[in-house]
Amino acid sequence: MTIILAVKPPFELKRLYSREEISEVVRRLSAQISRDFAGKDPLVVGVLKGSVIFLSDLVRELSIPTEIDFIGTSSYGNGTTSTGQIKITAEPTARLAGRHILIIEDIVDTGLCIEAIMKYFSKHKPASISICALMDKPARHQVRVKIAYSGFTIPDKFVVGYGLDFSQHYRHLPEIFTMEEAPDAGQLASDD
Ligand SMILES: O=P(O)(O)OC[C@H]1O[C@H](OP(=O)(O)OP(=O)(O)O)[C@H](O)[C@@H]1O
Ligand code: HPA
Ligand SMILES: [Mg+2]
């Protein structure tokens with residue numbers, strides 16, 4: 001399915017992963033996490049806002065008890081490239097010291113955001129910190145990142161849907177799409 005967005009320049013969305021493909025990956029990751037964190041009462045921390053849909057599907061597949069919290073970050077503003085300035089906009093309220101912390105990300109792109117989050121948690125003396133990311137875009141990494149639970153390895157394309165936004169839109173889409181300038185963008189732009 002291709003969707004042409006009526007914005008300037010025009011973008012097109014092409015489906016990258018279907019609901020079924022996403023569900024299969026969520027089940028695989030939940031099974032691994034349930035096995036590895038059994039008896040550890042992990043603190044599952046979603047990175048706002050992009051991870052919320054993934055997190056809510058993931059935790060409902062877990063077979064172990066967990067505590068859920070969130071951390072807020074912001075780096076992309078309204079564009080498709082990281083500003084490089086990572087701000088922690090909201091802190092978790094749970095006890096962190098001595099906890100097994102599992103960070104849930106929708107995507108690791110440059111890795112700058114997860115690097116800042118790892119730095120934040122390591123200051124609070126947890127028992128362990130692990131990363132679960134639905135998508136990993138290795139071609140764009142600027143820092144070394146160890147993702148213990150990785151869903152899809154994706155090409156160097158901007159993606160939206162299933163929690164991920166472009167300028168705060170399209171998070172609600174139930175599937176994942178690549179977003180690229182439409183091939184006839186030049187033509188359309190000169191038709192003004
Ligand atoms: O690996 P990076 O290049 O740092 O990019 C990944 C991060 O950027 C996005 O969040 P964003 O800051 O746009 O906030 P949002 O989740 O509210 O969309 C995304 O949800 C990740 O958290
Ligand atoms: O590809 C992406 N899509 C949406 N948000 C993002 N934040 C980092 N990379 C992306
Ligand atoms: Mg975003």
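Strand β6 contributes the largest share of the shell around ligand 1, namely four residues, in what is a predicted model. That shell holds 20 residues in total, and the closest of them are Gly50, Tyr76, Asp109, Thr110 and Cys113. At least two shell residues come from each of β3 (43-48), β4 (67-74), β6 (100-108) and α3 (112-122). Sorted by class, the surroundings of ligand 1 comprise eight nonpolar, seven polar and five charged residues.

Ligand 2 is enclosed by Tyr76, Ile107, Asp109, Phe158, Val159, Val160, Leu164 and Asp165, and this shell divides into six nonpolar, no polar and two charged residues. Tyr76 and Asp109 are listed for ligand 2 and also appear among the closest residues to ligand 1.

The backbone has some features that deserve attention when the model is prepared for further work. Most residues other than glycine have a negative phi, and most peptide bonds are trans. Against that background, a cis peptide bond links Leu48 to Lys49, with omega at about -5°, and Lys49 is placed in the loop between β3 and α2 (52-59). Two non-glycine residues with positive phi, Ser167 and Tyr170, are set out below.

| Residue | Phi | C-beta neighbours inside 10 Å |
|---|---|---|
| Ser167 | about 50° | 12 |
| Tyr170 | about 75° | 19 |

Ser167 lies in the loop between β9 (159-160) and β10 (176-181), and Tyr170 is likewise found in the loop between β9 and β10. Ser167 counts as exposed because it has 12 C-beta neighbours inside 10 Å, whereas Tyr170, with 19 such neighbours, counts as partly exposed.

Technical notes. Residues are numbered from 1 along each chain as its sequence is written. Chains are lettered from A and ligands numbered from 1 in the order in which they are written. This is a predicted model: local features need pLDDT of at least 70, side-chain atom pairs count only at pLDDT 80 or more; totals for chains, interfaces and linings use all residues. A residue is near a molecule or strand if its C-beta atom, placed from the backbone, lies within 6 Å of it. Ala, Val, Leu, Ile, Met, Phe, Trp, Tyr, Cys and Pro count as nonpolar, Asp, Glu, Lys and Arg as charged, and the others, Gly among them, as polar. A residue is buried if 20 or more other C-beta atoms lie within 10 Å of its own, exposed if 12 or fewer, and partly exposed in between; C-beta atoms are placed from the backbone.
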